[in-house]
Amino acid sequence: MKKTFFYHLFFITIFVSTFFIRLLLIKNSNLAFTSDQARDMIAIRAIVHHFDLPLIGPITGIPGLYLGPFWFFFNIIPFVVSGGHPASLVIWQILWLHLSTTVLYFYFYKKNPVFALLSASLYLLSPFAFYTSRYSFNPHLLPAFTIFFFILLDSLLSAPAKGKKHSSADRVWKKTFLLGLLIGLSLQLEAATAIVFIPITVIFLLKNKPNLILAFIALFGTLLPQIIFEFRHHFIMTKVVIDQFTGKNDVIQNTLGFNDLIIDRFNSLRQIFTGTLPLPYFLTIILIITAIYQSKTKDLLKSKVFTSASFLVLIFFYLLFFLYPHPIKSWYLYPLSLPIIFLISTKLSKIPQLALIFLLLILPLSLSRQYQAYQISQNNPSLDPSNLNNRLQTIDKVYELADGQGFAIYNYLPSIYDYPYQYLFWWRGKKYNYHPEKITYQDNVPEYIPNNNSFLILKKPAQTTFLIIEEPESKSAKSWLEQFNLCQINESVLAWDTKIIQSTCSPSAL
C-alpha cells in the first residue's frame, strides 16, 4: 500500500510540474503562429461556422501531397470552447500529451509499477516532449498516438486469463478495429513516421488473418476522404507521388547523394538521442546499447510485444528512410523517442532501486532546463515577427492608429499568403467590435480563403489604409511595396522587425 501511494505521488508530482511549466511557457501568447497554424485555424473555422467539411488536411513534405482532414476535426473542441483563441490548439495538444502518458502509466502499473512510472515520467521529462508542446502542429500530436498504438498492440496480443477466452473474443475484435482506426488517424498526423505502424501490425497479426483483415478495413475507412478527393481531382496526389518516385518530376528537389544520405541519417540518430533524455547523447547511447544487449534475457513485462515493437519501429523507420533519398525532417523523429524510452525503462525496471535513482537524477535536470527556458522567454521577449504575441500587438497597434475609423489592410509576409493576419484580424476584431473592410496581400488576386468575407461581419467602410510589412528591409518586401501609390504616409517600426505604414489618403489612391 505504501509503495502504491509512493509511485502515484511520484507520478502526480511529475505530471503536475511538467504540465504547469508547459502552460507557463505559452503564457501571454508566447508561441509561434505561422502560416501553418493560421491555415489550420482557418480550416477549423470554416468547419465550425459554415459546416465546410474538407476532404484533405495539412500538406506533407512532398508539395502537392496532403494528409487527411483528421487534424482539423480533432481540434474542433478547443476551437469552439475558446471561441477560436489562436492558443487553444496548443493547450489541447498539451492535454493530450499528458493524457497519453497517464494512460501509459495506469495501463502498465499492474504489470510492472516501476516500468509504468519510469516510462511515463521519462517521456514527460523528455526534451522532445517539451519541444512539441510549444506550438500547435499536426506531427506534434503523433507521439501521443504512438503511445496509444503501443498500448493497443500490447493489449490485443496479451494472453487472456483462463476461463475468459470466449468472453474476450468481442473485446479482441473491438481492439483490432480500434488499432486499424488508430493507425489510419496517425497517418493523417504525420505519414512519414506513422507508416511504420503498418508493417509492425502485419508482423504481429499475421497468424490471425481475420483480425489483420479487420484492422485494414478500419484503416481503409480513414482514407475515404482522400480517396474521394482523388476521384474528384483526377488522381492529382497519386500523380505527384508517382512522378516523384519515378524521377519524372522531383518536386522535393533536394535529393541526397549516398555520402550525404549517410551523414543525414547519422545526424538524425544523434538528434534522437539528444532529444529523448536530458542527458548528453552519448549517455543515452550507452543506455540504449545496454538495453538492447539485455533484451536477450527475459524481461519483467508479462508480454514481450512492447519490447519487440519498440525495436521494430526504429528498424523500419530507418529502413524506409534509407530508400527515401531526402533529408529527414526533425518532426519525423519526435515519436521515435518513445521506443527508446520503453527499451531503457525495460532494462532499468529490472532493478527498482536503480530505476528510481535514475528518475530522481533526471527529474531536477529536466525541470530546471524547462524552467530556465521559461525564465529566458520572460526576460528576453521574442523578436520573431511570427510570434503570436507580436502579431497580436501589431494588430492592436493598427487599431490604435485607426482610432475607431474603418480601414483596409495589405499584408506582406515572406510566406506570401497572409493567413496569420487574415485569421487574427477576424478573431481580434471582435474585441474592437469591428473588422477591416479589406484584408489581403495584393489586389486582384484569386480567392485563396473561400468565403472569407462572410466571416468579416463587423466591417466598417475604409477611411484609411494600413500596410503591414514583415522583414521590411528584404528585397522582396521592397519590391512588393513598389506597387502602391502612397500619400500622406505615417510609419511605425515595431521591435520585432515589422513595419506599419498608414496612408491617410483614400484607399482608391493605392
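Start by selecting residues 407–412 and 464–470: these are strand 1 and strand 3, which run parallel and are joined by six bridges. Keep in mind as you click around that this is a predicted model. For one rung of that pairing, pick tyrosine 410; its bridge partner in strand 3 is leucine 467.

Now widen the view to the whole sheet. You're looking at an open sheet of five strands, in the order 2-1-3-5-4, with mixed pairing. Colour residues 438–440 (strand 2) and 489–494 (strand 4) to find the edges. Strand 2 and strand 4 each have a single partner strand, so one side of each is left without a neighbour in the sheet. Look along the sheet for its twist: on average, neighbouring strands are turned by 15 degrees against each other, if you ignore direction.

Next, add residues 419–432. This is helix 21, and it lies across strand 1, strand 2, strand 3 and strand 5 (498–503). Against strand 2, helix 21 runs at about 155 degrees.

Last stop: a helix pair. Select residues 88–109 for helix 5 and 113–124 for helix 6. Their axes sit 7 Å apart and the packing angle is about 165 degrees, so the two helices are roughly antiparallel to each other. Their crossing is right-handed.

Which residues meet here? Show side chains on helix 5 for Leu97, His98, Thr101, Leu104, Tyr105, Phe108 and Tyr109; on helix 6, the residues they meet include Pro113, Phe115, Leu117, Tyr123 and Leu124. Colour this contact by residue type and you'll get twelve nonpolar, three polar and no charged residues.

Definitions and conventions. Residues numbered from 1 in each chain as written. Predicted model: local features only at pLDDT ≥ 70, side-chain atom pairs only at ≥ 80, totals over all residues. Heavy atoms only, no water. Axes fitted to C-alpha atoms, helices over the stretch in contact; angles between N-to-C directions. Helix = DSSP H or I, 4+ residues; strand = E, 2+ residues; numbered from the N terminus. Parallel < 35°, antiparallel > 145°, perpendicular 65-115°, else oblique. Left-handed = near helix turned anticlockwise from the far one by under 90°. Contact = heavy atoms within 4.5 Å. Nonpolar A, V, L, I, M, F, W, Y, C, P; charged D, E, K, R; others polar. Pairing = 2+ DSSP bridges.
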